[in-house]
Structures are given as C-alpha cells and as structure tokens.
Amino acid sequence: MSTSVTVAPREIHDLVYRASSVAGCDAGMAERIAHNVTFAEIHHSGAVRAFCEALETTALPTSAWVTAPDALAAAELAARDRGTASVTFEPPVPLAAIAATLQQSLERGVASTGADADARADTTVSAIELRLIDDPAASARQAQIDHTRANAYRHGIAVEQAWFSRLEAAAADYLVAESTLDEIDSRPNVA
C-alpha cells in the first residue's frame, strides 16, 4: 500500500505550473494544465500520477495535455452551433488533461458523455460527445463540485507520496525571478 501526503490544492497547482514551464510550455499552457490537474486531483484522484507519467514519457508542449483542451473548446463551439458535437482523441488522453475543461463546458450549458464522472483521473478517454443542455441536474452537479472543492481547500487532498515527490522534483528547475535573486544578493552577509 502506498503512503500519501496531504497537500493544499494550491501546492499541486503551483508545482504542476512550474513543472509544465520547465518542460517547455508557455505560461498559458502551463496554467491550463495546472488547472486541469488540480481539478482532476480534487474530484477524481490520480491526476498527479498521470501528469508525472506524461512528463516522463511525452514532449508536453506538443502532447494531448495541450491539444485536447483546445479540441474540446472547438467541439463546444460546434455543439453550440449544431446542438451536438464530438471529439476523438488519438491516442486516448488521461481524464486529468481535460477534467476542468469539461466542467467549464458544463458550467456554460454544454454537457459531455464519454468520460465517467466517477473515473480516476489517470483513466484514459478516447472520445467525448457534447450536447447543449437545459438541465437542473447540471446545477446539482455544480453544487457537489463546489462542496468537494471547498473541502479540498479547507482540509487538503491526499496524494500518493511517491508521485508528489516526483512532481516536486520535476518543478525544482523552475527559474526564480531575477528580482527575487537581486533581493537576496542585496542583503548583507551575516556570518
């Protein structure tokens, strides 16, 4: 049995952002990946693992972690125009790469099928169907998401220690701002 560590969602977000930047993603890509991974870890668990595995096996800036949310956004626009749309991922993508993007679409009135709401974040998804909705179930789902998110921010999230350590290591090479280094250099040396 693996041990876990309780972390704040902001820690996951920050480390994923930094690791994505180190892997070559621009600020916008890194932010979107961090948002998807944090959301997926809160609501599905296994997202940190899926992200770390991707870092070890994929060129992140050209991977589905970057392209899949864009494909979903295009499909959402098509669903708004035609009532339904679909997107296929080849190869399949981890739910962690698109979880927050799917939720954002739902908040805008576009529901999806193809990704099980109870699936772990490291589960892969090969296709998503989108459709316009006018459904009270969406507001009930949003209330559940808000409750789970509030608990995660209040009490933290249990993440597998080994994968969180790998995430910390992947983020360790993130550059420190020049102004921070200048401030450190300007302090008097105390021996």
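Good morning. By contact I shall mean heavy atoms within 4.5 Å. The structure before you is a predicted model, and I shall take it from the whole to the parts.

The protein has 191 residues, of which 39% count as buried. Its secondary structure comes to eight helices and five strands. Reading along the sequence, one meets them in the pattern β-α-α-α-α-β-α-β-β-α-β-α-α. Taken along the principal axes, the C-alpha atoms fill a box of roughly 70 × 35 × 30 Å. Consider next the contacts between residues at least 6 apart in sequence: 77% of these join residues at least 24 apart.

Let me begin the detail with one residue, A85, which lies in strand β2. Is A85 buried or exposed? Its relative accessible area is 6%; buried means under 20%, and A85 is therefore a buried residue. Which residues does A85 touch, leaving aside those up to four places away in sequence? They are A75, A78, A79, I128, E129 and L130. For A75, ten residues away along the chain, the C-alpha atom is separated from that of A85 by 5.7 Å.

Strand β2 leads us to the sheet. This is an open sheet of three strands in the order β2-β4-β3, and the pairing is antiparallel. At its edges stand β2, residues 84-94, and β3, residues 110-113, each of which pairs on one side only. On average, and ignoring direction, neighbouring strands of this sheet are turned by 25° against each other. As a general point, strands of a sheet pair through backbone hydrogen bonds. Here, β3 and strand β4, residues 124-132, are joined in the antiparallel sense over four bridges. In β4, E129 stands opposite T113; E129 is also one of the residues that A85 touches.

Before β3 in the sequence we find helix α5, residues 99-107. Seven of the nine residues of α5 are buried, and the helix is thus mostly covered. The buried ones are A99, A100, T101, L102, Q103, S105 and L106. Just after α5, G109 takes a positive phi of about 90°.

I turn now to a pair of helices, α1 and α3. Their axes come within 12 Å and cross at roughly 10°. Angles under 35 degrees count as roughly parallel, and α1 and α3 are therefore roughly parallel to each other. On the α1 side, the contact is made by I12, V16, A19 and S20; on the α3 side, by V48, F51 and L55. By character, the residues of this contact divide into six nonpolar, one polar and no charged.

Both of these helices appear again around helix α7, residues 161-171. Which residues of α7 are buried? They are W163, F164, L167 and A171. Why do these residues line one face of the helix? Seen down the axis of α7, they fall within an arc of 100°, and so they share a face. The general background is that an α-helix has 3.6 residues a turn, so residues three or four places apart point the same way. The face of α7 turned away from the buried side carries the exposed residues A162 and A169. What covers the buried residues of α7? The cover includes the strands β1 (4-7) and β5 (157-160), together with the helices α1 (9-22) and α3 (47-57).

To close, I would recall two elements: α5, with seven of its nine residues buried, and α7, with its buried residues lining one face. Thank you for your attention.

Conventions
Residues are numbered from 1 along each chain as its sequence is written. This is a predicted model: local features need pLDDT of at least 70, side-chain atom pairs count only at pLDDT 80 or more; totals for chains, interfaces and linings use all residues. Side-chain values use heavy atoms; hydrogens and water are left out. Buried means under 20% relative accessible area, exposed over 50%, partly exposed in between (1.4 Å probe, protein chains only). The arc is that of the directions from the helix axis to the C-beta atoms. Axes are lines fitted to C-alpha atoms, for helices over the stretch in contact, and angles run from 0 to 180 degrees between N-to-C directions. Angles under 35 degrees count as roughly parallel, over 145 as roughly antiparallel, 65 to 115 as roughly perpendicular and the rest as oblique. Ala, Val, Leu, Ile, Met, Phe, Trp, Tyr, Cys and Pro count as nonpolar, Asp, Glu, Lys and Arg as charged, and the others, Gly among them, as polar. Two strands pair if DSSP finds at least two bridges between them.
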